[in-house]
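Got the viewer open? Let's walk through this one stop by stop, selecting as we go.

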Amino acid sequence: MRLHPKGFLPLVVTLVILLILVGLINLVFPEQTIIHYILYGIGIIFYFLCIRFFRRPLRAVQTNSENIISGADGEVVVIEEIFETTYFHEQRIQVSIFMSPLNVHVNWYPISGEILYTQYHRGSHIPAWRPKASLENERMSVVIENEHGKSVMMTQIAGMVARRVYTNAKKGAYVFQGEEAGIIRFGSRVDLILPKDAEVMVQMGQNVRACETIIAKFQEK
């Protein structure tokens, strides 16, 4: 299993804490009982889930300039028309994907193109599935414009448990559809802000898979 580099330090810290707890339990209660083995089992399962959270799968993608692919694994929790106020200042379509702690939390770019805008927003950590999370939570917004002049904003949003958003986006850089964009640590959400005339291909409640599920298609002009 490939792990994301941003997971190495949390995993080491978690392992040290678990080992300290095991040592304290055995110091206070040296005689081994069934309770000891249950606690050991819980610790092993918990640590396995932590390792699994930082998995970094390889995803194959067939690039297509007409498609906007999912940048995250998870469930579609928002499909609505909004007035985007931070960059576009126009009516757009928002599609939001909620990632539970069991989902892969690496994110990928939904289209190929030049990065026109990046903006980090400090914020709170309300549950990521709530609509206000798009405006109030810690988040990182990136706008990508393809060779046809069509643009998409991808916003990585930290949730109630997720405390950090990491991205490799740099303004002026050219990125490729399906290229790794970053990671959000522990339970979070990704918003895709699409052109108003984009044809949405997913439904509310649908489970999507990054680099494979087509979220929407650009309209030909």
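Select His 89 to begin: with a relative accessibility of 48%, His 89 falls between the 20% and 50% cut-offs and therefore counts as partly exposed. This is a predicted model, so keep that in mind at each stop. His 89 sits in the loop that links strand S2 (74-84) to strand S3 (90-99). Check the backbone while you're there: phi is positive at about 55°, although His 89 is not a glycine.

Which other residue has a positive phi without being a glycine? Jump to Cys 211, where phi is about 75°. Cys 211 is also a loop residue, placed between strand S13 (207-208) and strand S14 (214-217). Is Cys 211 buried or exposed? Its relative accessible area is 5%, which is under 20%, so Cys 211 is buried.

While cysteines are on the screen, add Cys 50 to the selection. Cys 50 has a relative accessible area of 8% and is buried. Don't go hunting for a disulfide, though: the structure holds 0 of them.

Cys 50 also takes you to the helices, as one of the H2 residues that touch H1. Select helix H1 (residues 8-28) together with helix H2 (residues 34-53), and look at how they pack: the angle is about 175° and the axes lie 11 Å apart. An angle over 145° counts as roughly antiparallel, so that is the label for H1 and H2. Now show the side chains in the contact. From H1, pick Leu 11, Thr 14, Leu 15, Leu 18, Val 22, Ile 25 and Asn 26. From H2, pick His 36, Leu 39, Tyr 40, Gly 43, Phe 46, Tyr 47, Cys 50 and Ile 51. Colour them by type and you get 11 nonpolar residues, 4 polar ones and no charged ones in the contact of H1 with H2.

Next, a sheet. Select S4, S10 and S8, and you have 3 strands in an open sheet, in that order, with antiparallel pairing. Which strands stand at the edges? Strand S4 (106-108) and strand S8 (164-167) do; each has a single partner strand, so one side of each is left without a neighbour in the sheet. Look along the sheet for the twist, which averages 20° from one strand to the next.

Zoom in on S4 and strand S10 (residues 180-185), which pair in the antiparallel sense over 3 bridges. For one pair to label, take Asn 107, whose bridge partner in S10 is Gly 182.

Stay in S10 and centre on Glu 180. Glu 180 has a relative accessibility of 18%, under the 20% cut-off, so this residue counts as buried. What is in contact with Glu 180, leaving aside its neighbours within four places in sequence? Show His 4, Arg 56, Val 106, Asn 107, Trp 108, Tyr 109 and Asn 168. Try a distance label from Glu 180 to Val 106: the two are 74 residues apart in sequence, yet 7.3 Å apart in space, C-alpha to C-alpha.

Finally, zoom out to the whole chain. The protein has 3 helices and 14 strands, and its C-alpha trace spans about 75 × 35 × 30 Å along the principal axes. Colour by burial and 47% of the 221 residues come up as buried. Of the contacts between residues at least 6 apart in sequence, 72% join residues at least 24 apart.

Conventions:
Residues numbered from 1 in each chain as written. Predicted model: local features only at pLDDT ≥ 70, side-chain atom pairs only at ≥ 80, totals over all residues. Heavy atoms only, no water. Disulfide = S-S within 2.5 Å. Buried < 20%, exposed > 50% of the residue type's maximum accessible area, 1.4 Å probe, protein only. Axes fitted to C-alpha atoms, helices over the stretch in contact; angles between N-to-C directions. Helix = DSSP H or I, 4+ residues; strand = E, 2+ residues; numbered from the N terminus. Parallel < 35°, antiparallel > 145°, perpendicular 65-115°, else oblique. Contact = heavy atoms within 4.5 Å. Nonpolar A, V, L, I, M, F, W, Y, C, P; charged D, E, K, R; others polar. Pairing = 2+ DSSP bridges.
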